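I opened this notebook to keep a record of what I looked up in the structure, one topic to an entry. I begin with a single residue and work outwards from there.

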Amino acid sequence: MADAAARRKARLLPWGRVPACHNGPVTRASLEKQPHEVASMFDGVAERYDLTNDVLSLGQDRRWRREVARAVDARPAQKVLDLAAGTATSSLPFTRAGAYVVPCDFSIGMLQVGKRRHAWLPFTAGDATRLPFRDDTFDAVTISFGLRNVHDTDAALREMHRVTRPGGRVVICEFSHPTWAPFRTVYTEYLMRALPPVARAVSSNPDAYVYLAESIRSWPDQEALAARLSDAGWTKVAWRNLSGGIVALHRGFKA
Ligand SMILES: C[S@@+](CC[C@H](N)C(=O)[O-])C[C@H]1O[C@@H](n2cnc3c(N)ncnc32)[C@H](O)[C@@H]1O
């Protein structure tokens, strides 16, 4: 019965209207990070994503992006892959350095907002765990605030390694764990208590920011992530804490 009703309702949809998925739009992903839920969640926040970032990080995100640019050290004519690029705000510093930058993401909503704002960039739809690029293509591969959302972290680290040329580098910018214990406690309180109410005021999808807080808490610490980079084949792996470890930059090279 319910099935027949659903089929009748589907037939009544006007031409051209495609439901986001058969259960309706996803407001937040679970910590299992099912790819369709993650992509759909980012589709839902795409329009106000950059503004919300600025507000929730109290403007710190701009400083973090400057540090990523320094670590990537992009040069004119180099090829840089910005993975999980979203609207490509994270890609812009490398274009300013004169590099050829490919922003890649699997949320069509984020890519569309990015394309509207930065039409000249070669936005590419692709999943971090099955990248649509040949081996040894890029001088540098970088991912900002994306790796934590990928359902298979190790597969993504191996794919990033595959598409980087020998001698090339990876730079990962991700939320991490504050190193000073008292600060870590305050921060965790801020995250779990203040983030959702603030997000309710500025974001189109506050639930996505509950996911943000939970996914940061369950993310590996600096040392554990470095070990996973080494396991994926990266050499000379090192990391640097930003804002006391709220964010960490991990760097590695392809031998
Ligand atoms: C928090 S946003 C970061 C966007 C941008 N890098 C920035 O710094 O503003 C995370 C992005 O990761 C993307 N993402 C998550 N899992 C992915 C996957 N498996 N493949 C490609 N993109 C993915 C999402 O679609 C989303 O756009």
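**Entry 1: Arg 148.** I started in the loop between strand 4 and helix 7 (153–163), where Arg 148 is located; I keep in mind throughout that I am reading a predicted model. I asked myself whether Arg 148 is buried or exposed. Its relative accessibility is 2%, and because buried means under 20%, Arg 148 counts as buried.

I then listed what surrounds this side chain. Setting aside neighbours within four places in sequence, I found Arg 148 in contact with Lys 33, Glu 174, Phe 175, Tyr 211, Leu 212, Ser 215, Ile 216 and Trp 219. With Glu 174 the arrangement is a polar one, since the side chains of Arg 148 and Glu 174 are joined by a polar contact of 2.8 Å. For Trp 219 I looked up the backbone separation as well, and the C-alpha atoms of Arg 148 and Trp 219 are 6.7 Å apart, although 71 residues separate the two in sequence.

**Entry 2: Phe 175 and the cores.** Phe 175, one of the contacts of Arg 148, led me to the nonpolar interior. The largest nonpolar core has 37 residues, and Phe 175, Tyr 209 and Val 247 are those with the most contacts inside it. Two or more residues of this core come from each of helix 2 (35–45), helix 3 (49–56), helix 4 (60–72), helix 6 (108–117), strand 5 (164–175), helix 8 (181–202), helix 9 (206–217) and strand 7 (247–253). I asked which element gives the most to this core, and I found that helix 9 does, with six residues.

Not counting residues up to four places away in sequence, Phe 175 touches Trp 64, Phe 145, Arg 148, Tyr 187, Leu 212, Ile 216, Trp 219, Ile 246 and Val 247. I noted that another core, of 23 residues, lies apart from the largest one, and that Phe 138, Ile 143, Trp 219 and Trp 234 are among its members.

**Entry 3: Helix 2.** I next looked at which residues of helix 2 are buried, and they are Glu 37, Val 38, Ala 39, Ser 40, Met 41, Phe 42 and Val 45. These buried residues pack against helix 3, helix 6 and helix 9.

**Entry 4: Gly 168.** In strand 5 I stopped at Gly 168, which is buried, with a relative accessible area of 1%. Leaving out neighbours within four places in sequence, I recorded contacts of Gly 168 with Asp 139, Trp 234, Gly 252, Phe 253 and Lys 254. Gly 168 and Phe 253 are 85 residues apart in sequence, yet their C-alpha atoms are 5.8 Å apart in space.

**Entry 5: The ligand.** I counted 19 residues around the ligand, of which Tyr 49, Ala 84, Asp 105, Ala 128 and Ser 144 come nearest. By residue type, the shell divides into 10 nonpolar, six polar and three charged. I then looked for polar atoms facing one another: an N or O atom in the side chain of Asp 105 is 2.6 Å from an oxygen atom of the ligand, and an N or O atom in the side chain of Arg 65 is 2.9 Å from an oxygen atom of the ligand. From Phe 106 it is a backbone N or O atom that lies 3.4 Å from a nitrogen atom of the ligand. Taken alone the ligand exposes 600 Å², and the protein buries 98% of that.

**Entry 6: Positive phi.** I checked for residues other than glycine with a positive phi, and Leu 58 has one of about 55°. Leu 58 lies in the loop between helix 3 and helix 4 and is exposed, with a relative accessible area of 72%. Asp 136 also has a positive phi of about 55° without being a glycine; Asp 136 lies in the loop between strand 3 (124–125) and strand 4 (138–144), and at 40% relative accessibility Asp 136 counts as partly exposed.

**Entry 7: The whole chain.** I closed with totals. The chain has 10 helices and seven strands, and 49% of its 255 residues are buried. Of the contacts with a separation of 6 or more, 66% are between residues 24 or more positions apart. The accessible surface of the chain comes to about 12,900 Å², and 56% of that belongs to carbon and sulfur atoms.

Key
Residues numbered from 1 in each chain as written. Predicted model: local features only at pLDDT ≥ 70, side-chain atom pairs only at ≥ 80, totals over all residues. Heavy atoms only, no water. Near = heavy atom within 4 Å. Polar contact = N/O pair within 3.5 Å; in protein donor to acceptor, adjacent residues only side chain to side chain. Areas by Shrake-Rupley, 256 points an atom, 1.4 Å probe, with all protein chains shown as cover. Nonpolar A, V, L, I, M, F, W, Y, C, P; charged D, E, K, R; others polar. Core = buried A, V, L, I, M, F, W, Y, C linked by side-chain atoms within 4.5 Å. Buried < 20%, exposed > 50% of the residue type's maximum accessible area, 1.4 Å probe, protein only. Helix = DSSP H or I, 4+ residues; strand = E, 2+ residues; numbered from the N terminus. Contact = heavy atoms within 4.5 Å.
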